[in-house]
Amino acid sequence: MATRRAILAGGLALPAFAVRAQDRPVQLMVGFAPGGNIDLAARMAAPFFEKFLGQQIIVVNRPGAGGMVMLNEVAAAAPDGRTAALVSFPALVTALYDNRPRYTVDSFAYVGLLTDEPYTIFVGPQSPYKSLPELIAAARERPEHVTMAGAGVGSAPHLALMQLERSAGVKFTWVPTPGAGQAMQLVQGGHVAGSISTVSLTVRAHNQGALRVLALMDAQRWNRAPELPTAAEHGWAVNAGSARGFALPAATPAPVLARWEEAVRRTAEDPEFKALTERDYLILRHMDRAAMTEFVRRENANYAEIWRTSPWRAS
């Protein structure tokens with residue numbers, strides 16, 4: 001890995017426009033409306049990037065098409081270090097198959113993953129289902145009768161449910177909602193059987209008795225909630241979740257990318273940032289630039305195969 005001295009020396013070789021850009025604000029683009037999980041994650045990280053990059057960070061919301069509007073804009077942005085994106089997976093890659101984006105996975109330089117939260121499968125506090133096997137048994141007994149709510153068809157929670165369906169050999173009915181908050185309200189009100197969302201949204205509510213988490217869609221239990229089983233423990237090896245990291249236009253100069261990679265790493269290691277993630281039930285899973293790039297390629301290959309065998313909407 002390049003030393004800090006080498007990185008700084010490389011910065012001297014930056015084109016003039018890139019050097020000047022270091023003194024100007026950076027737009028951190030978010031593909032969803034203010035107030036949502038991804039927007040809040042960007043605003044949580046922004047002050048730390050300001051500290052480690054030495055530049056003002058302005059969070060800019062460009063909602064639309066599940067983040068695709070923002071991704072199209074960032075892919076086409078000038079590669080001068082002034083435009084970055086908080087990118088979410090699997091949304092970035094799934095849009096390549098069920099939509100017509102103007103970007104590809106190679107349109108971006110991936111500078112670091114920061115969080116990677118597994119999904120949970122949950123039901124309402126008064127639900128008759130006390131475990132995931134009970135929910136699966138109901139879906140097996142009455143195919144397409146058990147309803148599960150969440151963001152639209154092809155969203156990450158919907159694709160997670162599809163993985164569970166294939167693994168367990170059952171069929172639910174998906175009820176699309178504008179977002180996770182609305183899905184949770186339907187679950188809590190008993191209007192649908194359950195839903196799928198991240199640990200940060202559900203585990204605290206589970207602990208408070210506002211809902212009941214049946215299982216985590218991860219390879220292992222989470223130490224913050226060790227009593228919660230994984231789907232794999234019941235025989236359904238399903239790993240799904242929401243990973244978030246940072247990307248810049250692909251042609252951004254290497255020294256700028258190195259500065260961002262270092263800023264992501266230092267943010268992940270910062271005690272104050274760690275305390276914020278603990279407070280908000282977020283899971284830190286830092287990846288450097290090389291590891292994140294490989295992660296993106298694996299995600300792309302995985303969802304390409306799912307699309308080939310079980311397309312989630314008409315092409």
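1. Let's start with one residue: Glu 278 lies in helix 11. Keep in mind as you look around that this is a predicted model. Is Glu 278 buried or exposed, or something in between? With a relative accessibility of 44%, Glu 278 counts as partly exposed, because that label covers values between 20% and 50%. Try finding Ala 263 as well: just 15 residues separate Glu 278 and Ala 263 in sequence, yet their C-alpha atoms sit 20 Å apart in space.

2. Move along the chain to Tyr 281, in the loop between helix 11 (271-279) and strand 10 (284-287). Tyr 281 has a relative accessibility of 13%, so it counts as buried. Check its backbone too: phi is positive, at about 60 degrees, although Tyr 281 is not a glycine. Here's the background you need for that: most residues other than glycine have a negative phi.

3. There's another one to look up. Where is Glu 144? You'll find Glu 144 in the loop between helix 6 (132-141) and strand 5 (147-150). Its phi is near 65 degrees, again a positive value in a residue other than glycine.

4. While we're on the backbone, have a look at the peptide bond from Phe 89 to Pro 90. That bond is cis, with omega near 15 degrees. For context, most peptide bonds are trans. Pro 90 itself belongs to the loop between strand 3 (83-89) and helix 5.

5. Now for a pair of residues that are worth picking out on screen. Asp 106 sits in the loop between helix 5 (91-98) and strand 4 (108-123). Which residues does Asp 106 touch, leaving aside those up to four places away in sequence? They are Ala 250 and Arg 297. In sequence, Asp 106 and Arg 297 are 191 residues apart, but from C-alpha to C-alpha the gap is 9.5 Å. Their side chains also make a polar contact with each other, at 3.0 Å.

6. Asn 300 is next, and its place is in helix 12 (residues 289-309). Why does Asn 300 count as buried? Its relative accessibility is 17%, and buried means under 20%. Setting aside residues up to four places away in sequence, Asn 300 touches Val 93, Leu 96, Tyr 97 and Val 105.

7. Time to zoom out. The chain holds 12 helices and 10 strands. Its radius of gyration is 20 Å, close to the 20 Å that the globule rule gives for 315 residues, so the chain is as compact as a globular protein of that length. If you put a box around the C-alpha atoms along the principal axes, you'd need roughly 65 × 45 × 30 Å.

8. How much of the chain is tucked away? Of the 315 residues, 54% are buried. Contacts reach across the sequence as well: among those between residues at least 6 apart, 77% join residues at least 24 apart. The Asp 106 and Arg 297 pair, 191 residues apart, is a handy one to keep in mind here.

9. Last, the surface and the charges. The accessible surface of the chain comes to about 13,800 Å², and carbon and sulfur atoms account for 52% of that. As for charged side chains, the chain has 31 positive and 27 negative ones. How far apart are the centres of the two sets? They lie 3 Å apart.

Definitions and conventions: Residues are numbered from 1 along each chain as its sequence is written. This is a predicted model: local features need pLDDT of at least 70, side-chain atom pairs count only at pLDDT 80 or more; totals for chains, interfaces and linings use all residues. Side-chain values use heavy atoms; hydrogens and water are left out. Helices (H or I, at least four residues) and strands (E, at least two) are DSSP runs, numbered from the N terminus. The radius of gyration is taken over C-alpha atoms; the globule rule is 2.2 Å times the number of residues to the power 0.38. Buried means under 20% relative accessible area, exposed over 50%, partly exposed in between (1.4 Å probe, protein chains only). Contact means heavy atoms within 4.5 Å. Accessible areas come from the Shrake-Rupley method with a 1.4 Å probe; for residues, only the protein chains shown count as cover. Lys and Arg count as positive and Asp and Glu as negative; His and the chain ends are not counted. The place of a charge is taken as NZ of Lys, CZ of Arg, CG of Asp or CD of Glu. A polar contact is a pair of N or O atoms within 3.5 Å; within protein, one must be able to donate a hydrogen and the other to accept it, and residues adjacent in sequence count only if both atoms are side-chain atoms.
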